[in-house]
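I'm opening a fresh notebook page for this one. My plan is to look at the pockets, then the sheets, then a pair of helices.

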Amino acid sequence: KSKNGKMVSQIIGNPVSSNIIGYYDKPDRNLGKGAPQCRLTQFNKNHMDKFKRVTPFLQSINRQFKLLMPQEYKKQLARARKTNFLIDKTAFSTVTINHNWRTALHRDSGDFKQGFGNLVVCEKGKYQGGYTGFPQFGVAFDVRQGDFLGMDVHQWHGNTKLKGNPDKFTRMSVVCYLREKMVRCEGLEVEEP
């Protein structure tokens, strides 16, 4: 139910400082039947100029993926080349950006099943925690500014609590990946805003 007590057909939950940019492999539910299967994210529709300015940063993450995980990169790139819904000169369709947000334990769904999530962190100020952990393996990584973590996001993972004054630090995690169903739009052209 919404705040006014009326039933709604969408999920309502706590506000989250997380969003996606790039391309998405699900129709926009607001457009109803006949909506394109693959599309620009809302951010890209409204802020393509900003997205183009951040593309070189995303391409640098792609270069790290290619250099440090060449076999996994090759598989993902082969799949990515089957669609036009890609971030220019990368093996990625989509980026999730989380701001000062502790993710719950989860496994990603909707990503290319043989693909990898590519995590980098942009930070400012001082904080502790935010380790990216894989409890079933008993490991956690303190990914900080300048680090790169290629990870199988289909395994259980999450972040430890962030500690510090949230008004005095920023931890922005950037996860680049390929959506599984982008291939269903093979041959279709991207509609630019």
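**Entry 1: what counts as a pocket.** Before looking anything up, I noted that a pocket here is an open set of grid points with protein on both sides within 12 Å along at least five of seven lines, and that lining residues have an atom within 4 Å of a point. I also wrote in the margin that this is a predicted model.

**Entry 2: the largest pocket.** Which residues lie nearest the centre of the largest pocket? I found Ser-18, Asn-19, Ile-20, Thr-96 and Tyr-177 there, out of 34 lining residues. Strand S1 (18–24), helix H1 (42–46), S3 and S11 are the elements that each give two or more residues to this lining. The volume came out at about 920 Å³. Sorted by class, the lining has 14 polar, 12 nonpolar and eight charged residues.

**Entry 3: the second largest pocket.** I got a volume of about 250 Å³ for this one. It is lined by 14 residues, and Pro-36, Cys-38, Arg-39, Leu-40 and Glu-191 are the closest to its centre. I sorted this lining too: eight nonpolar, five charged and one polar.

**Entry 4: the six-stranded sheet.** In what order do the six strands of the open sheet run? I read S2-S1-S3-S11-S4-S8, with antiparallel pairing. Strand S2 (39–40) and strand S8 (149–151) sit at the edges with a single partner each, so each has one side without a neighbour in the sheet.

**Entry 5: walking across that sheet.** I went pair by pair.
- S1 and S3 are antiparallel and joined by five bridges. Ile-20 stands opposite Thr-96 in S3, and I had already met both residues nearest the centre of the largest pocket.
- Strand S3 (residues 94–99) pairs with strand S11 (residues 169–177) over six bridges, again antiparallel. Thr-96 faces Val-175 in S11, while Thr-94 has Tyr-177 as its bridge partner. I recognised Tyr-177 from the pocket list as well.
- S11 and S4 are antiparallel, with eight bridges between them. Here I picked out Asn-118, which stands opposite Cys-176 in S11.
- Strand S4 (residues 117–125) and S8 run antiparallel and share three bridges. Leu-119 is set opposite Leu-149 in S8.

**Entry 6: the three-stranded sheet.** There is also an open sheet in the order S7-S6-S9, with antiparallel pairing. Why do its outer strands have a free side? Strand S7 (139–141) and strand S9 (158–159) stand at the edges with one partner strand each, so a side of each lacks a neighbour in the sheet. I checked strand S6 (residues 132–134) against S9: they run antiparallel and are joined by two bridges. Thr-132 stands opposite Asn-159 in S9.

**Entry 7: two helices.** How do helix H2 (residues 48–68) and helix H3 (residues 70–80) cross? Their axes come within 5 Å and cross at roughly 120 degrees. Angles from 65 to 115 degrees would count as roughly perpendicular, and those over 145 as roughly antiparallel. H2 and H3 are therefore oblique to each other. On the H2 side of the contact I listed Asn-62, Phe-65, Lys-66, Leu-67 and Leu-68, which meet Pro-70, Glu-72, Tyr-73 and Gln-76 in H3. By class, the residues of this contact are five nonpolar, two polar and two charged.

Technical notes:
Residues are numbered from 1 along each chain as its sequence is written. This is a predicted model: local features need pLDDT of at least 70, side-chain atom pairs count only at pLDDT 80 or more; totals for chains, interfaces and linings use all residues. Side-chain values use heavy atoms; hydrogens and water are left out. Two strands pair if DSSP finds at least two bridges between them. Helices (H or I, at least four residues) and strands (E, at least two) are DSSP runs, numbered from the N terminus. On a 1 Å grid over the protein atoms alone, a cavity is a set of points where a 1.4 Å probe fits but cannot get out, and a pocket is an open set with protein on both sides within 12 Å along at least five of seven lines; lining residues have an atom within 4 Å of a point. Grid points are joined across faces, edges and corners, and a volume is the space filled by probe spheres set on the points. Ala, Val, Leu, Ile, Met, Phe, Trp, Tyr, Cys and Pro count as nonpolar, Asp, Glu, Lys and Arg as charged, and the others, Gly among them, as polar. Axes are lines fitted to C-alpha atoms, for helices over the stretch in contact, and angles run from 0 to 180 degrees between N-to-C directions. Angles under 35 degrees count as roughly parallel, over 145 as roughly antiparallel, 65 to 115 as roughly perpendicular and the rest as oblique. Contact means heavy atoms within 4.5 Å.
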